[in-house]
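Welcome, and please open the model in your viewer. We will walk through it stop by stop, selecting a few pieces at a time.

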Amino acid sequence: MSNGIVISANKLTKRFGDFVAVDHISFEVNKGEIFGFLGANGAGKTTAMRMLCGLSLPTSGLATVAGLDVYKDNEKIKKSIGYMSQKFSLYDDLTVKENMQFYGGIYHKSNEFIKNKTAFILDQLHLQKEANVLVRSLPLGWKQKLAFSVAIFHEPEIVFLDEPTGGVDPVTRREFWNMIYQASELGITVFVTTHYMDEAEYCNRVSIMVDGRIEALDTPAQLKKNYGAASMDEVFLKLARKAVRAAD
Amino acid sequence: MFILLGMPVVQIVIFGFALTNEVKNANIAVLDYSKDAATTSLISEFNASRYFDVEKNLVNYGQVGKEFKKGKIKLAIIFPPNFNEDLQHFNKAQVQLIADASDPNVANTLTGYASAIIIDYQNRITSNRKLPYTINTEMRMLYNPQLKGAFNFVPGVMAMVLLLVCTMMTAITIVKEKEMGTMEIILVSPMRPQIVVIAKAVPYLLLSVINIISILLLSVYALEVPINGSIFLLFFESILFILVSLSLGLLISAGVASQQTAMFISLVALFLPTLMLSGFMFPIENMPLPLRTMSNIVPAKWYYSIVKSVMIKGLGIKDIWKETLILFGMMIFFLTMAIKKFKIRLA
């Protein structure tokens, strides 16, 4: 199962009335892979991600996540995935510890599990002293790292990260990516959207969405070679300029 | 722009014409034991006045109580036997006015008008006689003999507080989670959306029950407002109203994206109509037809009338089943709408 496919999409499409937000996208993600999902604003990244998370039903096409069908088993999928959105998503008015207890609780984890895991994460993030501090008073970088730890608290097979490092300084971003690598080493598949092209280089494979379609999908090195570009930034610009749809 | 220009017009119309404490065309019942010339002409005086409409002619005293229970009449006039004879022989006669004082303001106004009509009649027939006729008016304030204002505002405050706590707070907390982004996290978790929504509503249900208990304790022990009916019925109806308010809150929260909007909608769409159209501040009977029709969709109107019936008049379920049914229907309606909207967001 080390190289099994955990996410597969086949001509996955989402329409809102006349507007085709996601237009027949097909791709596969392997277990433990860090899969970058790139695209300009309004290219359809978030919509595609929401379909894979079971938050929204596709209009047509097929997709399985963790071996489960997104139409029939969208409630079951939720058990095997973690999710962190671009909006900061912990409870500001709960303490660090309470947040972890809460998320452990909504994933039906045992008290024993929650206790051990909380201690482990506090240790890992060096947050033991802040365990009983309100999340509101933590610096943004710490909050993001905590949010990521909470997203994989229940040890999901796949974690979806929607622009997880928005507004975070480069040092913290580096640390954040170290956490992503650690998770990947543990066998957690990471599906991440980002606007930072240097981050795209950290991914095992990258797909670039333009106007709801996947225009390119390969390893960063291969993409640069194919497009004769020196950096991912250049690759992205070459592709994104083709867009006819206005960014929102 | 429309709001800026339209608001003064609407307000003048509403406050000028619709929301007056003046009572017009109140339904009254007459129990006439004499049926003679004097009573007949007095009754027609009442009928001719724009304040009263004689709705029912009763034949015995037992019917008076029944009519009040039905809530159709606001005032009953009772002429004893031999009204005219007493007037002619002794220059003196008696008439009894019984008013529904569960709304003390209306009761006061109506008995005032009625006395004025009687005195007017008395003066007219006296005008060319040496010895004046005297018609003694005996008044009885049903349900609220001391005309306490608390009898009116306790049910009103109950409706208001429950609506405020349940609707506004439910709407705001759910929308807050949406704003914070935590709602999305909960929705991607294995928690079922229905459970999430119920979990959000339960604290406010409990809070509201505590609120009812404290309001009732205060009104019974501090304001001396009695609870004449069944306290269980009162609680049952209150919980029904709480559920209506909660579902309304859910409906609002499903439709809006920011806390401010949720607050604004709760205030404008609920608080003001509740204040003006529930019958708590201004009697509904006097409003023009459009407003009267509108008042029917205000849940608080029905709850207010239920609380008054149970608490003040001591009525049982068989007298308020209609109101109960309406509230029940509203709950189902709001709840299905809210769930539907929630589902659309997910699809």
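In which sense do strand 3 and strand 8 of chain A pair, and over how many bridges? Select residues 34-39 (strand 3) and 189-193 (strand 8) of chain A: they pair in the parallel sense over four bridges.

Before moving on, a word on what you are looking at. This is a predicted model, in which local features need pLDDT of at least 70 and side-chain atom pairs count only at pLDDT 80 or more, while totals for chains, interfaces and linings use all residues. Residues are numbered from 1 along each chain as its sequence is written, chains are lettered from A and ligands numbered from 1 in the order in which they are written, and side-chain values use heavy atoms, leaving out hydrogens and water.

**Stop 1: the six-stranded sheet of chain A**

Stay with strand 3 and pick A:Gly36, which stands opposite A:Val192 in strand 8 of chain A. Now widen the selection to the open sheet of six strands, ordered 6-7-8-3-9-10 in chain A, with mixed pairing. Helices (H or I, at least four residues) and strands (E, at least two) are DSSP runs numbered from the N terminus, and two strands pair if DSSP finds at least two bridges between them. At the edges you will find strand 6 (81-84) and strand 10 (213-218) of chain A, each pairing on one side only. From one strand to the next, the twist averages 15°.

Next, add helix 9 (residues 232-240) of chain A. This helix lies across strand 3, strand 9 and strand 10 of chain A, at about 25° to strand 9 of chain A. Angles run from 0 to 180 degrees between N-to-C directions, and axes are lines fitted to C-alpha atoms, for helices over the stretch in contact. Contact means heavy atoms within 4.5 Å.

**Stop 2: the four-stranded sheet of chain A**

Select the open sheet of four strands, with the order 2-1-4-5 in chain A and antiparallel pairing. Its edge strands are strand 2 (19-30) and strand 5 (68-69) of chain A. Strand 1 (residues 5-16) of chain A is joined to strand 2 of chain A by eight bridges, and A:Ala9 has A:Phe27 in strand 2 as its bridge partner.

Add helix 1 (residues 45-52) of chain A, which packs on this sheet and touches strand 1, strand 2 and strand 4 (60-65) of chain A. Helix 1 of chain A also lies across strand 3, strand 7 (158-162), strand 8 and strand 9 (205-210) of chain A.

**Stop 3: where the chains meet**

Show both chains: 18 residues of chain B are in contact with 24 residues of chain A. The area buried between them is about 1900 Å², with 60% from carbon and sulfur atoms; buried area is the accessible area (1.4 Å probe) that two parts lose on being put together, summed over both. In chain B, select B:Ile185, B:Val188 and B:Pro190, which lose the most area to chain A, together 33% of what that side buries.

**Stop 4: helices of chain B**

Select helix 6 (residues 150-180) and helix 8 (residues 193-221) of chain B, whose axes come within 10 Å and cross at roughly 160°. Helix 6 of chain B is therefore roughly antiparallel to helix 8 of chain B (over 145 degrees counts as roughly antiparallel). Residues making the contact include B:Val161 and B:Leu162 of helix 6 and B:Leu207 of helix 8.

Finally, add helix 9 (residues 231-255) of chain B: its axis and that of helix 6 of chain B come within 8 Å and cross at roughly 30°.

Methods. Parallel < 35°, antiparallel > 145°, perpendicular 65-115°, else oblique.
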